[in-house]
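Biologist: I've got a model open and some labels I'd like explained. Can you walk me through where they come from?

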Amino acid sequence: MNSAEDILTPDLLERLRGRAAKYDQANAFFTEDLEDLREAGYLALFSTAEMGGSGLDIPGVVACQRLLASAAPATALAVNMHLVWCGVAHLLSLRGDDSLRFLLEEAAAGELFAFGVSEPGNSAVLFDSKTDAVPQDGGGYAFTGRKIFTSLSPAWTRLGIFGKDSSNPDEPQLVFGFADRGTGGITTLDDWDTMGMRASQSCTTLLENAVVPAGRIVRHTPVGPHSDAFVFGIFSLFETLLSAVYAGLAERALTLAGEAAGKRSVQGQPAAYDPHTRFRVADAAIRLDGILLQLDAVARDLETGADHGAFWFPRLSGLKLRTTDTARGIVETAMQVAGGSGYSRGQELERLYRDVLAGMFHPSSEDSAHDSMAKAVLGPVP
């Protein structure tokens, strides 16, 4: 089995790191990065060797995403969405469900899967939808709605979407499927101009009677909380791989803090000898160590099928919340250690600071993470 370092070689990582500032400044998609990653087999990390992929497990892909994010966080965040879908297929396969095998095969053939799930004002996320899914003759569905944060917008070839079928008002259901690029009724807006994670080009997607045929409809689930393995797979891979991206970003920030401490001078001696600087760097390293241990444990438990019962969802949302909060604090510490130079435009730390702030806006939110844990520990509110 290949390791992260086998796939993301030092030369490749340097090329990716060298382009990150350019993409950020121009608010441009990571076209060259994607070509390099596709050539390196990165889109097929979860695909088996028989399919032409690397056959990595969840911990292996987590390691890859940490390493990629240490070089190009926005590239890693966008590719994450493709890897989430592949990870769902992998996780279901581990549980004896090969219904998404086609996804791993197509990923190995170079197809790029995007995540068309997030909707404005939908706090229920995967348990409800504001997108209409209207049944068609033959078993397909026509989707009409608005999806936000569609990473990979300029380049995806497959779009995973879902909506609500309300044709039976007594038993509405959620419908998941994959649309090909070029499907009628799908429009990508050119509206991505954000503070950070700019290269991800996570534009808004409009669906207007976009028809997904029956052969590409992959799941029907009830509205409201439930334990469907497919939805658990989406949530668990999203939270875990997202955490890997922000952990990798934090690792890079800590490295930059160490380099800055070696170059700066405090009262005539290297900052690395200054007790306050040493405390800050050590404290950041201790915090980083904690999230890496938790991330590794969750990835391993997903791969092996550990049973955490009612605590699975709060542990996953807690992982995301803790990792993104900790990463933000580590970047702030690195900027303190680096001094005023890190506040200047064009500095890597300045870009990392803007990138790490995006972690606040991904699900699960701080409120939902606490609600989920409160229900697991205290039970629901009557």
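Biologist: Why are α2 and α4 called oblique to each other?

Modeller: Keep in mind that this is a predicted model. The axes of α2 (residues 10–26) and α4 (residues 58–71) cross at roughly 45°. Under 35 degrees would count as roughly parallel, and 65 to 115 as roughly perpendicular. The angle of roughly 45° fits neither, so the pair is oblique.

Biologist: And what makes it a contact, which residues of α2 and α4 meet?

Modeller: Contact takes heavy atoms within 4.5 Å. On the α2 side you have L13, L16, R17 and A20, and they meet L67, L68, S70 and A71 of α4. By class, that contact has six nonpolar residues, one polar and one charged. The axes themselves come within 8 Å.

Biologist: On to α8. How do you know that its end-to-end distance agrees with its number of residues?

Modeller: Helix α8 covers residues 275–304, which is 30 residues. At 1.5 Å a residue, the expected span is 44 Å. The end C-alpha atoms of α8 lie 43 Å apart, so the two values agree. Right after α8 comes G305, with a positive phi near 80°.

Biologist: What makes a residue of α8 "buried", and what do the buried ones pack against?

Modeller: The cut-off is under 20% relative accessible area. Residues of α8 that are buried include A284, L288, I291, L292 and L295, and also D301 and E303. The buried residues of α8 pack against α4, α5 (73–94), α7 (229–263) and α9 (312–338).

Biologist: Now the strands. Why is β4 described as mostly covered?

Modeller: Count the residues under that 20% cut-off. In β4 (residues 158–165), seven of the eight residues are buried, hence "mostly covered".

Biologist: How do you know that β4 pairs with β1 and β5?

Modeller: Pairing needs at least two bridges. β1 (residues 113–116) and β4 have four and run parallel, with F113 opposite R158. β4 and β5 (residues 173–180) have eight and run antiparallel; there, I161 has G177 as its bridge partner. Both pairs pass the cut-off of two bridges.

Biologist: Last one: what makes β2 and β3 a pair, and how many residues lie between them?

Modeller: β2 (residues 132–135) and β3 (residues 141–150) share four bridges in the antiparallel sense, against a requirement of at least two. One opposite pair is D132 and T144. Five residues lie between the strands of this hairpin, and G138 in the turn has a positive phi of about 95°.

Key: Residues numbered from 1 in each chain as written. Predicted model: local features only at pLDDT ≥ 70, side-chain atom pairs only at ≥ 80, totals over all residues. Heavy atoms only, no water. Axes fitted to C-alpha atoms, helices over the stretch in contact; angles between N-to-C directions. Parallel < 35°, antiparallel > 145°, perpendicular 65-115°, else oblique. Nonpolar A, V, L, I, M, F, W, Y, C, P; charged D, E, K, R; others polar. Expected span 1.5 Å × (residues − 1). Buried < 20%, exposed > 50% of the residue type's maximum accessible area, 1.4 Å probe, protein only.
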